[in-house]
Amino acid sequence: MNVLPSGSAKQSVTLLGATGSIGVSALDVIARHPDRYSVHALTAHRNVARLEQQCRQFRPELAVLDDAREAGELQQRLHASGLQTRVRAGRRALEEVAGDGGSDTVIAGIVGAAGLASTLAAVNAGKRILLANKEALVMAGQLFMDAVVRHGATLLPLDSEHNAVFQCLPSGFRRGELVERGVARVLLTASGGPFRCLPTAQLAHVTPEQACAHPNWNMGRKISVDSATLMNKGLEMIEACWLFGLPGERVDVVVHPQSIIHSLVEYVDGSMLAQLGNPDMRTPIAHALAYPERIGSGVAGLDLVAAARLDFEPPDVSRFPCLSLAYQALEAGGDACISLNAANEVAVDAFLHGKLRFTQIADLIQAVLERLGAEPVLALDDVFSADERARSLARERVGGFLQ
Ligand code: NAD
Ligand code: MG
């Protein structure tokens, strides 16, 4: 991983997915340090009201929305109140803004495959990328990491587990050389989600609202369902393999319901290094924004006495098979991880819209993986076509699952 030298000039930040959970937390940190950060661009899908409010507060040069009519409305409202922000619309604009020369840092906070092209545009522009959009790496792993190297981009993990691992790795480490540096394995912690203790028979009847009520983290709806199925940990296992250049057998998962240890690195001498803190994304965001320096995040220090205990248990893959499906897809290679991610996005969306039971999420993904196998991925076009293939198969299959 390359790291930009820290300078005294202000860091100019583009925030992709500004209106989401990651975006709001990132802006909270940025607002605490007006001397260090300026906001170049803010992007969102459809949340016009929140984007407008964020534009008023942070006065970016550019804002991007998906829909042209909504972008026009926002433009009018901002101009009427004297703001110079230029509002653009559509996917092409999103990619252009992600890669433009107005910012040196891009926070990739869009959810799902929708974030891949813009995150890659930032990579191709050689920027410093703070990556929350794990699906981009799950889908395009090798191509993504090759592009990071080719364009001299700097990739810093925002996902709390990967940020924790990053903090526990040997200083100055190089990706792919961790085993030589004495790293035995990486251990990702998982909260276990809201249904960890729910009787198995009830799992088929849980509602989207229950699935989105995460015990420790306040997140967007898609990642909340992923946390409940353990697919989030599956995606994170794949993300860790690509980020740190480790094979799947060196990335393990342990359930830790308190979400206080955010992940660990085990060394060959028996040492285990862990990063601890209150479960609040502002900590990894502040760490990655300021790296290698440290800045305040607004998160209080951990009260160990109040926390009192830390529990651990193995993940229950018989009840939450999505984690096993992720290991299988990684092992299969080729485009299997693309199919895994696409089928998961379709399945989670169907569950959130009452078209699939919670337990059928894993069934649907498994059916898609079995049907599609693993085709080689040579170029970005292969990624998008594999994504589309798996998505349409998954959509067809949703109808076949009885409620
Ligand atoms: P969210 O649903 O709260 O926000 C998603 C953001 O992406 C919104 O700003 C939305 O406008 C934008 N977006 C959605 N679809 C889009 C599209 N088609 N085109 C353009 N923009 C689009 O999601 P989140 O919880 O903030 O998660 C964002 C990413 O960060 C996900 O990949 C997630 O896995 C990862 N992540 C989130 C957390 C967390 O605490 N929320 C923690 C770790 C990693
Ligand atoms: Mg995480």
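**Exercises on the interface between two domains**

Across the interface of domain 1 and domain 2 in this predicted model, 5 residue pairs are in polar contact, both partners being at pLDDT 80 or more. The exercises below examine this interface and the surroundings of ligand 1.

**Exercise 1.** Determine which elements of domain 1 form its side towards domain 2, and state the character of the residues there.

*Solution.*
Step 1. Three elements each supply at least two residues of the side of domain 1 that touches domain 2: α5 (116-124), α6 (134-150) and β7 (154-157).
Step 2. Among the contributors, α6 gives the most, with 10 residues.
Step 3. Sorted by class, the residues on this side of domain 1 are 14 nonpolar, 4 polar and 2 charged.

**Exercise 2.** Describe the extent of the two domains and of the contact between them.

*Solution.*
Step 1. The domain assignment places residues 11-158 in domain 1, and residues 173-279 + 315-397 in domain 2.
Step 2. The contact draws 20 residues from domain 1 and 25 residues from domain 2.
Step 3. A separation of 25 Å lies between the C-alpha centres of the two domains.
Step 4. Between them the domains bury about 1,800 Å², and carbon and sulfur atoms give 74% of that area.
Step 5. Lys-134, Val-138 and Met-139 account for 35% of the area that domain 1 buries against domain 2, more than any other three residues.

**Exercise 3.** Establish how many salt bridges link the domains, and explain what the pair Glu-135 and Lys-222 ties together.

*Solution.*
Step 1. The whole structure contains 26 salt bridges.
Step 2. Between domain 1 and domain 2 the count is 2 salt bridges.
Step 3. For Glu-135 and Lys-222, the closest N and O atoms are 2.8 Å apart, which satisfies the 4 Å cut-off for a salt bridge.
Step 4. Glu-135 belongs to helix α6 and Lys-222 to helix α9 (residues 221-229), so this pair ties together parts that are 87 residues apart in sequence.

**Exercise 4.** Identify the residues that come nearest to ligand 1, and list backbone atoms that approach its oxygen atoms.

*Solution.*
Step 1. There are 21 residues around ligand 1, of which Thr-19, Ser-21, His-45, Glu-135 and Gly-220 come nearest.
Step 2. A polar backbone atom of Ser-21 is 2.9 Å from an oxygen atom of ligand 1.
Step 3. For Gly-220, a backbone N or O atom likewise lies 2.9 Å from an oxygen atom of the ligand.
Step 4. A polar backbone atom of Ala-132 is 3.4 Å from an oxygen atom of ligand 1, a distance within the 3.5 Å cut-off for a polar contact.

Notes. Residues numbered from 1 in each chain as written. Chains lettered and ligands numbered in written order. Predicted model: local features only at pLDDT ≥ 70, side-chain atom pairs only at ≥ 80, totals over all residues. Heavy atoms only, no water. Domains from an automatic or database assignment. Contact = heavy atoms within 4.5 Å. Buried area = accessible area lost by both parts, 1.4 Å probe. Salt bridge = Lys/Arg side-chain N within 4 Å of Asp/Glu carboxyl O. Polar contact = N/O pair within 3.5 Å; in protein donor to acceptor, adjacent residues only side chain to side chain. Helix = DSSP H or I, 4+ residues; strand = E, 2+ residues; numbered from the N terminus. Nonpolar A, V, L, I, M, F, W, Y, C, P; charged D, E, K, R; others polar. Near = heavy atom within 4 Å.
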